[in-house]
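User: Please take a close look at a single part of the structure below, and then go on to the rest of the chain. Give the cut-offs for the terms as they come up.

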Amino acid sequence: MKKLTVMLLIAAMVLGVSACGNSANKENTATESQMSTQKAEDLDARINELTQKENSILENHKALWEKVFNSIDKSTVEDATATNYGDFLANSLDKIKDKFTDDELKSLKEDVEEIKKLEDELQPLLEKQSANASNKDSGKEGASVFPEFKAKDLDGNDVDSSIISKNAVTVLNFWFNGCSPCVQELPELNKLNEELKEKGGQVIGINTDSLDGNEDGIAEAKSILEKQGAKYTNLSLDSNSEAGKYATSIMAFPTTIVLDRNGNIIGEPIMGGIDNDEAYKQLMKTIDQILAADKN
């Protein structure tokens with residue numbers, strides 16, 4: 001549930017030597033490049049591991065945390081990205097602590113302390129990840145591009161990033177099964193998908209509980225979607241893919257981003273449900289902007 005993903009790999013240095021070159025220098029350069037790549041991969045792997053630990057902690061007391069999440073003012077969701085996530089949860093819990101028994105409150109506070117410890121390690125890693133991405137992208141102009149991907153929908157059918165290029169606009173919604181605000185907005189997203197079909201667009205869900213083909217996560221996601229009447233495409237990504245790393249790096253759920261047919265991310269991510277009037281207006285403004293540009 002963390003910020004934005006990183007693009008890995010550092011370009012290998014090209015040494016300006018004689019035509020024959022120096023085999024030792026070439027070997028050293030290749031080794032340095034491999035080491036840099038491995039360090040980036042190790043960094044992403046550790047971030048993913050810590051993120052999954054946080055998700056598991058929340059899942060252990062799922063019903064109790066749903067009460068907390070349901071009480072959160074959506075206008076404050078962005079605060080979760082600006083502070084230690086454990087502190088955000090602690091503040092949210094404190095506002096409704098009288099709704100829990102002493103034992104329930106004790107369990108939730110223990111969860112918060114565990115998450116704070118994970119965040120103490122996670123935040124410096126995220127900053128380093130962000131710095132790596134900035135260094136790699138320095139000098140480049142234009143919008144960020146959502147990574148290409150090969151995935152499966154929740155029925156096991158193959159889907160790849162060419163689905164994006166077929167649409168004038170694509171709305172990507174990131175959610176997980178235990179997130180009440182995520183589930184609550186599913187009917188609105190389905191309605192939006194039906195509207196976009198007529199305009200050459202599509203809504204696609206990315207369910208983070210279904211990563212790596214997790215059968216239990218997929219089954220629960222399909223059940224939730226059916227109950228909410230949401231029939232649009234939802235995908236299961238490989239967590240080690242760039243698109244999968246993007247999904248696991250998201251901090252606040254639900255999060256929605258909007259893509260043009262080239263995969264460019266247009267506008268700012270929308271954190272919180274689009275069933276909020278302000279968020280919906282922001283989303284539609286971005287969609288209209290992309291549709292207008294696509295016609296030109």
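Analyst: Helices α2 and α3 are roughly perpendicular to each other, a label for angles of 65 to 115 degrees (under 35 is roughly parallel, over 145 roughly antiparallel, the rest oblique). The axes of α2 (residues 62-71) and α3 (residues 85-95) cross at roughly 80° and come within 9 Å. Axes here are lines fitted to C-alpha atoms, for helices over the stretch in contact, with angles from 0 to 180 degrees between N-to-C directions. Helices (H or I, at least four residues) and strands (E, at least two) are DSSP runs numbered from the N terminus.

This is a predicted model, in which local features need pLDDT of at least 70 and side-chain atom pairs pLDDT 80 or more, while totals for chains, interfaces and linings use all residues. Residues are numbered from 1 along each chain as its sequence is written, and side-chain values use heavy atoms, without hydrogens or water.

In the contact (heavy atoms within 4.5 Å), α2 contributes W65, V68 and F69, which meet Y85, L89, S92 and L93 of α3. By class, the contact has six nonpolar residues, one polar and no charged. Nonpolar covers Ala, Val, Leu, Ile, Met, Phe, Trp, Tyr, Cys and Pro; charged covers Asp, Glu, Lys and Arg; the others, Gly among them, are polar.

The chain as a whole has 10 helices and seven strands. The seven strands form an open sheet with mixed pairing, in the order β2-β1-β5-β4-β3-β6-β7; strands pair if DSSP finds at least two bridges between them. Its edge strands are β2 (158-160) and β7 (265-271), each paired on one side only. Neighbouring strands are turned by 35° against each other on average, direction ignored.

Within the sheet, β3 (residues 169-175) runs parallel to β4 (residues 201-207), with seven bridges between them. N173 stands opposite G205, and W175 stands opposite N207. Towards β6 the strand β3 runs antiparallel, with six bridges, and L172 faces I257 there. Seven of the seven residues of β3 are buried, meaning under 20% relative accessible area with a 1.4 Å probe and protein chains only (exposed is over 50%, partly exposed in between). V169, V171, N173 and W175 lie on one side of β3, and T170, L172 and F174 on the other. In a regular strand, side chains alternate between the two faces of the sheet.

After β3 comes the loop to α6 (180-184), which holds F176; F253 lies in the loop between α9 (242-248) and β6, so their pair ties together parts 77 residues apart in sequence. Their rings are edge-to-face, 5.2 Å centre to centre with 85° between the planes. Rings of Phe, Tyr and Trp (its six-membered ring) pair if their centres lie within 6.5 Å; planes under 30 degrees apart are stacked, over 60 edge-to-face, the rest tilted. Both F176 and F253 are buried. A cis peptide bond joins F253 to P254, with omega about -5°. A cluster of ring pairs links F146, F149, F174 and Y246.
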